[in-house]
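Dear colleague,

Please find below the structure that I am handing over to you. My findings follow it, arranged by topic.

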Amino acid sequence: MEPDYPPETLHTESDHDSVYNTSWVSVCPRGLWKVHQKRLNSQQTASDPADVTAISSNNCPRLGSLCRVQVRLKANNDEAENVACEKTGEKLPAQPDLSTAELTESGTTPFVRCKDSVLQVPLGDWTTLRLGDGQCDITEACLEGMRAGEKCEIQLSPLETGPDAAVPHPSHESLPFFATVELQAFTPGKESWEMSPGEKWEWVKSHKDKGGVRFRSEDLWGAADSYSKAMKLVITLCNHVRDVAKKGWEYEAEEQREATLETLYPSAEELNKMKADLHSNLSLCQLKLNQPERAKANAAKATQLEPGCAKAWYRLGKACQIVNELEEAKQAFRKLLELQPEMPAALKALKDIASREKATNAQLGLRLSKMFS
């Protein structure tokens, strides 16, 4: 499953209120949501042009950037601003400038993900997110192209068609709903291609750990998103290892000697194991999200990468069962029994498949007897 989708440019506007509109699909614990974003003109908040590059309007947040951001539901935001204007006749005061040192020292704002919420940030408050952590996919996608002092408006509606349909939303909920995202300041970050292999590996392990935490809390969409983010970085690491192999082991030894303990990259065996685990974990999420075709594809990749992975064979068998590919399912469960003889789940699955095949053959025989009677 690919829970995140590439942005789709809708149209460009030339009026003074907005720069351009884009739309994409984002993931949250409640499923997949369609996001329409309208960028507003950039307003630089940093008063000192000599301040760090991170708070320059010429730059945008990148992976690892700490972002000081405020997200408000549109209706609440309008009401708050209107009340303030009516009482004082003045605009709401701007937030004070925030230096990189102050932002770094403050760290990220703790916030527990909630399955009943779409926006996984405290609404109405200034909060600090680390771009790439996946705390709130919708907010992070907005921040990727924003500059310090910029504000955007977003329209959110659930994706209700196709294999990635979101979970049902409460009937009393007014949809679509609107929100604003304002970026005050951010610290420097890196594009993935600028990172050392060791830095990428740390991100991979972090995403995998987050995926496990989210899965155990039944945040299946969030877990799949974390595993997918890890997978994208693993692929680039695999390419790096292949390049090193072509240049020879002496080159690798020299590269490792120059690296610090924090930036050492994994071996080919470690990468292969990690990739297999991620495919297997994604398969489990997809089985529970009723996406058997995707679950089958990921489980099959996991078994190819690590033939001794019993969990992957079991998930492949279950996915094949669901899509009624019974012969492939039997092969997967038999392979599982080779790895773990007398495993109850595999024996039961083979028994169920035999019953289904017997019932199917009986129905076929009945239809044929009617045809020739």
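Two strands are said to pair if DSSP finds at least two bridges between them. By that rule β4 and β7 pair, and they do so in the antiparallel sense over 7 bridges. Within this pairing, Val71 stands opposite Val181 of β7. Strand β4 also has β5 as a partner: 5 bridges join the two, and they run antiparallel. Here Gln70 has Trp126 in β5 as its bridge partner. Please bear in mind throughout that this is a predicted model.

Overall composition

The protein chain has 11 helices and 7 strands. Of its 373 residues, 42% are buried. Among contacts with a separation of 6 or more, 68% are between residues 24 or more positions apart. The accessible surface of the chain is about 20000 Å², and carbon and sulfur atoms account for 53% of that surface.

The nonpolar cores

In soluble globular proteins, nonpolar side chains tend to be buried together. In the present model, the largest nonpolar core has 26 residues, and those with the most contacts inside it are Leu119, Ile138, Leu143, Ile154, Leu156 and Val181. The elements that contribute two or more residues to this core are the strands β2 (20–28), β3 (31–39), β4 (66–73), β6 (151–158) and β7 (177–186), together with the helix α3 (137–143). Strand β7 supplies the largest share, namely 5 residues.

Ile154 may serve as an example from this core. Leaving out residues up to four places away in sequence, Ile154 touches Val35, His36, Gln37, Ile138, Cys142, Phe177, Phe178, Ala179 and Val181. A second, separate core comprises 19 residues, including Trp203, Val204, Ala223 and Leu233.

A polar residue in strand β5

Is Thr128, which is found in strand β5 (residues 126–130), buried or exposed? Thr128 counts as buried because its relative accessible area is 1%, and the cut-off for buried is under 20%. The side chain of Thr128 makes a polar contact of 3.1 Å with that of Arg68. Apart from its neighbours within four places in sequence, Thr128 is in contact with Leu66, Cys67, Arg68, Leu103, Ser106, Gly107, Thr108 and Thr109.

Two asparagines with positive phi

Most residues other than glycine have a negative phi. Two asparagines depart from this pattern in the model. Asn290 is not a glycine, yet it has a positive phi of about 60 degrees. Asn290 is placed in the loop between α7 (268–288) and α8 (292–305). With a relative accessible area of 62%, Asn290 is exposed, since the cut-off for exposed is over 50%. For Asn324, also not a glycine, phi is positive at about 65 degrees. Asn324 lies in the loop between α9 (310–322) and α10 (326–339).

An annotated repeat

Which residues does UniProt list for "repeat: TPR"? The UniProt record, an unreviewed entry, gives residues 310–343. In the model this span is 79% helix and 0% strand, and its end C-alpha atoms lie 10 Å apart.

When you open the model, I suggest beginning with the antiparallel pairing of β4 and β7, and then turning to the core to which β7 gives 5 residues.

Yours sincerely

Note on methods
Residues numbered from 1 in each chain as written. Predicted model: local features only at pLDDT ≥ 70, side-chain atom pairs only at ≥ 80, totals over all residues. Heavy atoms only, no water. UniProt positions renumbered as here; feature names shortened; annotations may be inferred. Helix = DSSP H or I, 4+ residues; strand = E, 2+ residues; numbered from the N terminus. Core = buried A, V, L, I, M, F, W, Y, C linked by side-chain atoms within 4.5 Å. Buried < 20%, exposed > 50% of the residue type's maximum accessible area, 1.4 Å probe, protein only. Contact = heavy atoms within 4.5 Å. Polar contact = N/O pair within 3.5 Å; in protein donor to acceptor, adjacent residues only side chain to side chain. Areas by Shrake-Rupley, 256 points an atom, 1.4 Å probe, with all protein chains shown as cover.
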